[in-house]
Each structure stands twice: as structure tokens, then as C-alpha cells.
Amino acid sequence: MKGYTDLYRMGAMPTREDVDQTMTRIAEESARLTRFVEEMFLLARLDGDTEGAATGGTRTARQPVFAPMRTSPPTPSTTSRPWTPRAR
């Protein structure tokens with residue numbers, strides 16, 4: 001989203017069609033990020049409910065929030081791989 005707004009500010013979108021297409025992309029990315037944040041909030045609430053039930057309603061400060069989801073430590077092959085953007 002930042003890239004699209006930067007292009008607009010630099011004047012790299014000379015036609016109204018370019019601006020409309022960019023605004024559509026920004027709106028789509030905004031909707032995708034909104035869904036992502038809502039899903040993260042849901043996971044946090046669900047995790048809080050299961051942790052509270054397992055500990056009698058209390059959580060210690062040292063308990064990781066998503067600990068029940070972890071089944072094994074990360075392997076070097078998954079942590080050493082560089083991030084690459086997903087193709088569209």
C-alpha cells in the first residue's frame with residue numbers, strides 16, 4: 001500500500017485510469033489486512049479462552065500465548081530460508 005501511495009505522490013500515475021486502478025489495489029490490500037488483523041484477534045481470544053480453562057482461569061506471565069500450537073522446535077531448513085514475496 002505504501003508503494004502505491006508513494007507512486008501517486010511522485011506523480012507516476014499520469015492518467016485517471018492509473019489512479020483508479022491504484023486506488024482499487026489499495027482498497028483490496030486494506031481489506032486483506034483488515035481480515036488478517038481480525039483473524040489474529042480471534043486467535044488471541046481463542047487462545048486466551050483455552051489457556052484460562054487449562055489453568056483454572058489464570059495465566060502466568062511466563063506462559064507463551066500460542067504455546068499450545070507449537071508441536072516441535074523450528075528446524076534449520078524453515079528458519080534459514082530467506083523470505084520471498086508470493087507471486088500474484
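Student: Let's start with D6: how does this residue count in terms of burial, and at what relative accessibility?

Tutor: Keep in mind that we're looking at a predicted model. Buried would need a value under 20%, and exposed would need one over 50%. D6 falls in between, so it counts as partly exposed, with a relative accessibility of 25%.

Student: Okay, which residue does the side chain of D6 meet in a salt bridge at 3.9 Å, N to O?

Tutor: The rule wants a Lys or Arg side-chain nitrogen within 4 Å of a carboxyl oxygen of Asp or Glu. D6 brings the carboxyl side, and the N to O distance of 3.9 Å fits that cut-off. The partner is R9.

Student: How far apart are D6 and R9 in terms of helical turns?

Tutor: Both residues sit in helix 1, which covers residues 2–10. R9 is itself exposed, with a relative accessible area of 68%. Because D6 and R9 are 3 residues apart in that helix, the separation is about one helical turn.

Student: Moving on to helix 2, what is the N to O distance in the salt bridge between R16 and D20?

Tutor: These two both lie in helix 2, 4 residues apart, so again about one turn of the helix. R16 is exposed at 60% relative accessibility, while D20 is partly exposed at 36%. Their side chains meet with an N to O distance of 3.2 Å.

Student: And E29, is that residue buried or exposed?

Tutor: E29 forms a salt bridge with R32, with the closest N and O atoms 2.9 Å apart. Both are in helix 2, 3 residues apart, about one turn of the helix. R32 counts as partly exposed, at 36% relative accessibility. E29 has a relative accessible area of 12%, and the cut-off is 20%, so E29 is buried.

Student: Which residues are joined into one network by salt bridges that share partners?

Tutor: We've already met one pair from it, since the side chains of D6 and R9 meet in a salt bridge. By the rule used here, the count comes to 4 salt bridges. The ones that share partners join up K2, D6 and R9.

Student: What about T22, which residues does it contact once you leave aside neighbours within four places in sequence?

Tutor: T22 lies in helix 2 and counts as buried, because its relative accessibility is 8%. A polar atom of its side chain lies 2.9 Å from the backbone oxygen of D18, but D18 is one of those sequence neighbours we're skipping. Beyond them, T22 is in contact with Y4 and M13.

Student: How far is the C-alpha atom of A27 from that of M1?

Tutor: A27 is found in helix 2 and is partly exposed at 47% relative accessibility. In sequence, A27 and M1 are 26 residues apart. C-alpha to C-alpha, the distance is 8.8 Å.

Student: Same question for E28: how far apart are the C-alpha atoms of E28 and M1?

Tutor: E28 also belongs to helix 2, which runs over residues 16–54. At 49% relative accessibility, E28 counts as partly exposed, since exposed means over 50%. Along the chain E28 and M1 are 27 residues apart, and their C-alpha atoms are separated by 9.5 Å.

Student: Where's the nonpolar stuff on the surface, and what accessible area does that patch have together?

Tutor: V37, for one, lies in helix 2 and is partly exposed, with a relative accessible area of 38%. It forms a nonpolar patch on the surface along with F36, M40, F41 and L43. Together they have an accessible area of about 450 Å².

Student: Zooming out, what percentage of the chain's 88 residues count as buried?

Tutor: The chain has 3 helices and 0 strands, following the pattern α-α-α along the sequence. It exposes about 7800 Å², with carbon and sulfur atoms supplying 59% of that. Of its 88 residues, the share that counts as buried is 9%.

Student: Last one: where in the chain is confidence highest?

Tutor: The mean pLDDT of the chain is 75, and 56% of its residues reach 70 or more. Confidence is lowest in helix 3, residues 76–79, at a mean of 51. At the other end, with a mean of 87, is helix 2.

How values were computed: Residues are numbered from 1 along each chain as its sequence is written. This is a predicted model: local features need pLDDT of at least 70, side-chain atom pairs count only at pLDDT 80 or more; totals for chains, interfaces and linings use all residues. Side-chain values use heavy atoms; hydrogens and water are left out. Buried means under 20% relative accessible area, exposed over 50%, partly exposed in between (1.4 Å probe, protein chains only). pLDDT is the predictor's confidence in each residue, from 0 to 100. Patches are made of residues with over 30% relative accessible area and no salt bridge: like charges are joined within 9 Å, nonpolar side chains (Val, Leu, Ile, Met, Phe, Trp, Tyr) within 5 Å. Accessible areas come from the Shrake-Rupley method with a 1.4 Å probe; for residues, only the protein chains shown count as cover. A polar contact is a pair of N or O atoms within 3.5 Å; within protein, one must be able to donate a hydrogen and the other to accept it, and residues adjacent in sequence count only if both atoms are side-chain atoms. Contact means heavy atoms within 4.5 Å.
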